[in-house]
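Thanks for coming, everyone. I'll keep this brief. Please have a look at the screen.

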Amino acid sequence: MEPKEVNKNLSEQAKKVLFEKGTEAPFSGEYVDTDEQGMYTCANCGNPLFSSETKFHSGTGWPSFDQALPGAVEFHEDVTHGMHRTEVVCAKCGAHLGHVFNDGPAETTGKRFCINSVCLDLEKNQSAGENK
Ligand SMILES: [Zn+2]
């Protein structure tokens, strides 16, 4: 599936990553060290992708998750740049999000979804704390 632009408010950098499979500079992204609770959605189409519950600090400089929401993403073989990697794309709009690696936390899934901040929007969980 060819990614199609839906969000007309995307930055030039976001477009480069989402539609040309670019990579943002490590430690440059808005959500690298974010601990806020909520749902990470596709910056292009708004599809819910990752829960903040699955986010962890990988030290790589990109937001990292140990799993995606069921059915939220699709995987493609990526053999560019002399590497054999698995690309992660949005299942709804086909936009590039990042890659998934098998060196994540062993106590959960063992996966590390390495996702560009610029591909994500965080919808903060407004109800957090209400039940306390
Ligand atoms: Zn999308």
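I'll go through the metal site, then a sheet, then one glutamate.

One caution before the tour: this is a predicted model.

Start with the zinc ion. Which residues hold it? The protein donors are C42, C45, C90 and C93. Each donates through its SG atom. They lie 2.3 Å from the zinc ion.

What is the arrangement around the metal? The angles between the four donor atoms run from 103 to 116 degrees. Tetrahedral geometry requires all angles to lie between 85 and 135 degrees. So the arrangement is tetrahedral.

Now look along the chain. The donors follow the spacing C-x2-C-x44-C-x2-C. Distant parts of the chain are linked here: C42 sits in strand 1, residues 38-42, and C90 sits in strand 6, residues 85-90. Those two cysteines are 48 residues apart.

Are these cysteines buried or exposed? Take three of the donors. C90 has 0% relative accessibility, so it is buried. C42 has a relative accessible area of 1%, and is buried too. C45 comes out at 18%. The cut-off for buried is under 20%, so C45 still counts as buried.

With cysteines on the table, a word on disulfides. A disulfide is a covalent bond between the sulfur atoms of two cysteines. How many disulfides does the count give? Zero, where the sulfur atoms of a pair would have to be within 2.5 Å.

Next, the sheet. Strand 1, which holds C42, also belongs to an open sheet of three strands. The strand order is 2-1-9, and the pairing is antiparallel. Which strands are at the edges? Strand 2, residues 48-51, and strand 9, residues 120-124. Each of them pairs on one side only. From one strand to the next, the twist averages 30 degrees.

Zoom in on strand 1 and strand 2. They pair in the antiparallel sense over three bridges. In that region, M39 stands opposite S51 of strand 2.

Last stop: E87. Where is it? In strand 6, the strand that also carries C90. E87 has a relative accessible area of 4%, so it is buried. What does its side chain contact? It makes a polar contact with the side chain of H96, at 2.8 Å. The E87 side chain makes another with the side chain of K21, at 3.0 Å.

To recap: four cysteine sulfurs hold the zinc ion, the arrangement is tetrahedral, and buried E87 contacts K21 and H96.

Notes. Residues are numbered from 1 along each chain as its sequence is written. This is a predicted model: local features need pLDDT of at least 70, side-chain atom pairs count only at pLDDT 80 or more; totals for chains, interfaces and linings use all residues. Side-chain values use heavy atoms; hydrogens and water are left out. Donors are N, O and S atoms within 2.8 Å of the metal (3.2 Å for Na, K and Ca); water is not among the atoms, so sites may look incomplete. Four donors count as tetrahedral if all angles lie between 85 and 135 degrees; four count as square planar and six as octahedral if opposite donors are over 155 degrees apart and all others between 65 and 115; anything else is irregular. Helices (H or I, at least four residues) and strands (E, at least two) are DSSP runs, numbered from the N terminus. Buried means under 20% relative accessible area, exposed over 50%, partly exposed in between (1.4 Å probe, protein chains only). Two strands pair if DSSP finds at least two bridges between them. Axes are lines fitted to C-alpha atoms, for helices over the stretch in contact, and angles run from 0 to 180 degrees between N-to-C directions. A polar contact is a pair of N or O atoms within 3.5 Å; within protein, one must be able to donate a hydrogen and the other to accept it, and residues adjacent in sequence count only if both atoms are side-chain atoms.
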